[in-house]
Structures are given as structure tokens and as C-alpha cells.
Amino acid sequence: MRSGMRCRIICIFRVKLRKEETESEGAAAAAINFMNYRIAYERSANVAVSGLAMAAQRLPFLKNLTPIFGASGGVNLAAPLAVTFVGTHALSGQSVMIVPLNGATDTEKVTVGDQFVWSFKSDQHSMVLVDLDTAGLVEPLPAGLTLSGPQSGIFFISGIPSEAGEYTITMEGYRRTSRLGGTTVPYVLSLLVEPGASPFDEFLATFWSGDDLSHPELVAPTADPDGDGIDNALEFVLDLDPTKPDAMPGTMGLDPNDATMLRYEIPLNTLAGAASVSFQESADLDGDFGDVADDSFTRTDEAIVLSVPLARKKFYRLKVVL
Ligand SMILES: [Ca+2]
Ligand SMILES: [Ca+2]
């Protein structure tokens with residue numbers, strides 16, 4: 001019974017191969033090897049005949065499937081799901097494909113803030129339109145990237161990504177703007193956008209390099225290697241030099257519009273916009289500092305300004321959280 005079943009299946013595929021007239025002898029041999037795997041699986045799992053019909057429809061593509069099976073080896077690769085999910089864009093010869101250019105692949109990586117260009121065309125006709133499958137997402141492209149083209153038949157996904165994440169971009173090209181006929185097989189691009197160095201890290205890298213950047217006593221946010229009492233996080237937010245002693249910057253005086261108010265303005269590093277900056281106050285240096293109310297200071301990209309009623313004695317300090 002077993003040998004009879006096996007023979008019958010192989011015959012089905014030989015007939016199919018001749019009918020299609022698209023595959024070489026090598027492909028026919030590959031098809032038979034592939035079926036041996038399937039038979040091994042089906043004997044153990046008792047899969048119904050419908051599974052064979054599915055495999056038969058896939059026959060023109062077997063030449064492309066076999067390297068994937070060969071890499072997996074053994075009985076495992078006989079699982080029907082492996083057949084179903086082999087990337088359709090990798091199959092050639094039967095359909096119009098989207099083809100990445102300039103050595104690009106379907107798995108790419110870019111860092112936030114870096115320029116990214118991924119160009120592609122179709123392997124047969126010229127595409128005039130490309131749709132991005134949103135797959136339920138509002139925006140299939142990472143923030144900062146756009147789809148453009150065609151320019152001489154070439155489309156581009158390009159720009160400077162601004163948000164880290166893993167993106168699956170499914171695209172489909174059309175020969176006509178009506179989207180009728182001439183459609184490519186969907187192409188799936190997996191794009192990993194890695195977070196870039198933080199502004200604080202970049203700040204440190206302008207003062208130290210190499211191994212120094214891995215020494216916490218030099219580069220930790222709370223370190224104060226120049227001993228000026230201003231830790232590195234503050235040196236960054238105030239745009240000072242963490243390797244040379246600095247005085248605390250800023251101007252203090254009466255508010256020109258209200259002589260009962262104290263005004264203390266401290267310039268800030270415009271690259272530290274993501275850092276939290278606020279004031280704390282205390283009646284003496286021994287007591288606990290408490291947060292100054294939000295409406296008592298104003299922060300912009302360039303400065304933070306404290307505005308509080310004059311007091312006989314009060315201590316303020318700047319609080320920074322990177
Ligand atoms: Ca310092
Ligand atoms: Ca300093």
C-alpha cells in the first residue's frame with residue numbers, strides 16, 4: 001500500500017510538470033525529493049488528500065522551495081505550514097516581482113537619524129503605482145520615511161527615520177493606475193529601525209572617546225570628573241564642559257516688570273529638550289528640598305526662568321532628569 005501511494009503521487013507530479021512545461025529536469029528531481037518528505041510526514045500524521053492538491057498547485061515553484069527545505073533537512077520540513085508560508089516574493093518565473101536594487105534585501109536595518117534609501121522596480125513591466133499594505137496600521141512606513149517614484153521606473157522608500165521599531169512593509173506594484181492587471185506579487189520588507197545614540201551620549205562623545213566612554217567615573221550622568229559640583233547630566237543640560245570647572249550659569253535679579261518678584265534665568269542646551277528640568281526650593285540647606293510649583297517657572301528650548309516672590313532667605317536648586 002505504501003509503495004503504491006508513493007508511486008501514484010510522483011506520477012501526479014510528473015504529469016503536472018509536463019503540462020506546465022516550465023520546469024527543468026533538475027526541478028523535476030527536486031519535486032520528487034520534496035514529495036518524499038511530504039510522504040514521510042503524511043504517513044505519520046495521516047494528512048488528507050487535500051494537502052496533496054495544495055502541493056500540486058505549488059509545483060511550478062518547487063525549484064525555489066527546495067533550497068529552503070534543504071537547509072532545514074529531515075522530517076521537520078514536511079510540515080504543510082512550511083509550504084504555505086514560504087515567501088511568495090521569493091518565487092520567480094511565474095509572476096511579476098518587485099526587485100530591490102543596489103544590493104538591498106528584504107531585511108534591512110537603519111538607525112534613527114540616519115539617511116535611508118531602499119529602491120526597487122519590477123522584474124518585468126514598468127510599475128506606475130505602488131500600494132503599501134497598512135495591515136491594519138495607520139502608517140506602514142516608519143515616521144520620517146516616504147514612498148516616492150517612479151523615476152525611470154524606479155520607486156524609493158527613503159528619508160530619515162525618527163522612531164525606533166520593527167516595521168513590516170508589504171508593497172504591491174501595478175502596471176496601471178487603475179490597478180487592473182499587471183500586478184506584482186506582494187513584497188514584504190522587514191525594516192528594523194534601531195534607536196540612535198542619545199543626545200547625552202553624543203555630548204559625552206565630544207569630550208571623551210574610546211575606552212574612556214565606558215568608565216562610569218568619567219561619563220556617568222551623576223559623575224563630576226572636573227569637580228566643579230556640576231554633575232555630567234547638568235553639564236549636558238547647561239551646555240558646559242564636563243572636563244573643565246565651570247561656574248553655575250544664569251542671571252539672577254528682580255523681575256523688571258514686578259519688583260516684588262525674583263527672576264532667575266538659566267540658559268539651556270537646545271539638544272537637551274527631552275530632559276526634564278525644574279526647580280526645587282528649601283528654607284535652609286539642611287532641610288529637604290521640595291518641588292517648586294510648575295507655574296513658578298517657565299521652560300523653553302533655550303532657557304528656564306524661575307519667577308518667585310522675594311523672600312528673606314530661600315535656597316533653590318535645579319533638578320534635571322535625563
Ligand atoms: Ca562637572
Ligand atoms: Ca564643568
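**Close-ups of a predicted model**

**View 1. S152 sits in the loop that links β5 to β6 (154–159).** This is a predicted model, and this view starts at a backbone oddity. S152 isn't a glycine, yet its phi is positive, at about 55 degrees. Is S152 buried or exposed? With 7 C-beta neighbours inside 10 Å, S152 falls at or below the cut-off of 12, so it counts as exposed.

**View 2. A cis peptide bond joins G149 to P150.** Look along the backbone here: omega for the bond from G149 to P150 is near 5 degrees. P150 belongs to strand β5, which covers residues 145–151.

**View 3. β5 and β6 pair up antiparallel.** Five bridges hold this pairing of β5 with β6. One spot to pick out is L145, which stands opposite G159 in β6. L145 also turns up in a nonpolar core of 17 residues, along with M127, V130 and V193.

**View 4. Zooming out, β5 and β6 are part of an open four-stranded sheet.** Reading across, the order is β1-β3-β6-β5, and the pairing is antiparallel. Which strands form the edges? They are β1 (98–100) and β5, and each of them pairs on one side only. Ignoring direction, neighbouring strands in this sheet are turned against each other by 25 degrees on average.

**View 5. Another open sheet of four strands runs β9-β10-β14-β13.** Its pairing is antiparallel too. Why is one side of β9 (251–255) and of β13 (297–299) left without a neighbour in the sheet? These two strands stand at the edges and have a single partner strand each, so nothing in the sheet flanks their other side. The average turn between neighbouring strands here is 20 degrees, direction ignored.

**View 6. A closer look at the β9 edge shows how β9 meets β10.** The two strands run antiparallel, and five bridges join β9 to β10, which spans residues 258–267. To find your bearings, start from T251: its bridge partner in β10 is E265.

**View 7. The largest nonpolar core brings together 20 residues.** As a general backdrop, nonpolar side chains in soluble globular proteins tend to be buried together. Inside this core, the residues with the most contacts are L234, F236, V237, L238 and L268. Four elements give two or more residues to the core: α6 (199–205), α8 (232–237), β11 (276–282) and β14 (303–309). The top contributor is α8, with four residues. The 17-residue core that includes L145 is separate from this one.

**View 8. F236 gets a frame of its own, with its contacts picked out.** Leaving aside residues up to four places away in sequence, which residues does F236 touch? The list is F200, F203, N269 and A272.

**View 9. D239 is in the loop between α8 and β9.** Here's another non-glycine with a positive phi, this time about 60 degrees. D239 has 15 other C-beta atoms within 10 Å, so it counts as partly exposed.

**View 10. The whole chain puts the close-ups in context.** The protein contains eight helices and 15 strands. Of its 322 residues, 21% count as buried. Taking contacts with a separation of 6 or more, 60% come from residues 24 or more positions apart.

Conventions. Residues are numbered from 1 along each chain as its sequence is written. Chains are lettered from A and ligands numbered from 1 in the order in which they are written. This is a predicted model: local features need pLDDT of at least 70, side-chain atom pairs count only at pLDDT 80 or more; totals for chains, interfaces and linings use all residues. Two strands pair if DSSP finds at least two bridges between them. Axes are lines fitted to C-alpha atoms, for helices over the stretch in contact, and angles run from 0 to 180 degrees between N-to-C directions. Two residues are in contact if their C-beta atoms, placed from the backbone, lie within 7 Å. A nonpolar core is a set of buried Ala, Val, Leu, Ile, Met, Phe, Trp, Tyr and Cys residues joined through C-beta atoms within 7 Å.
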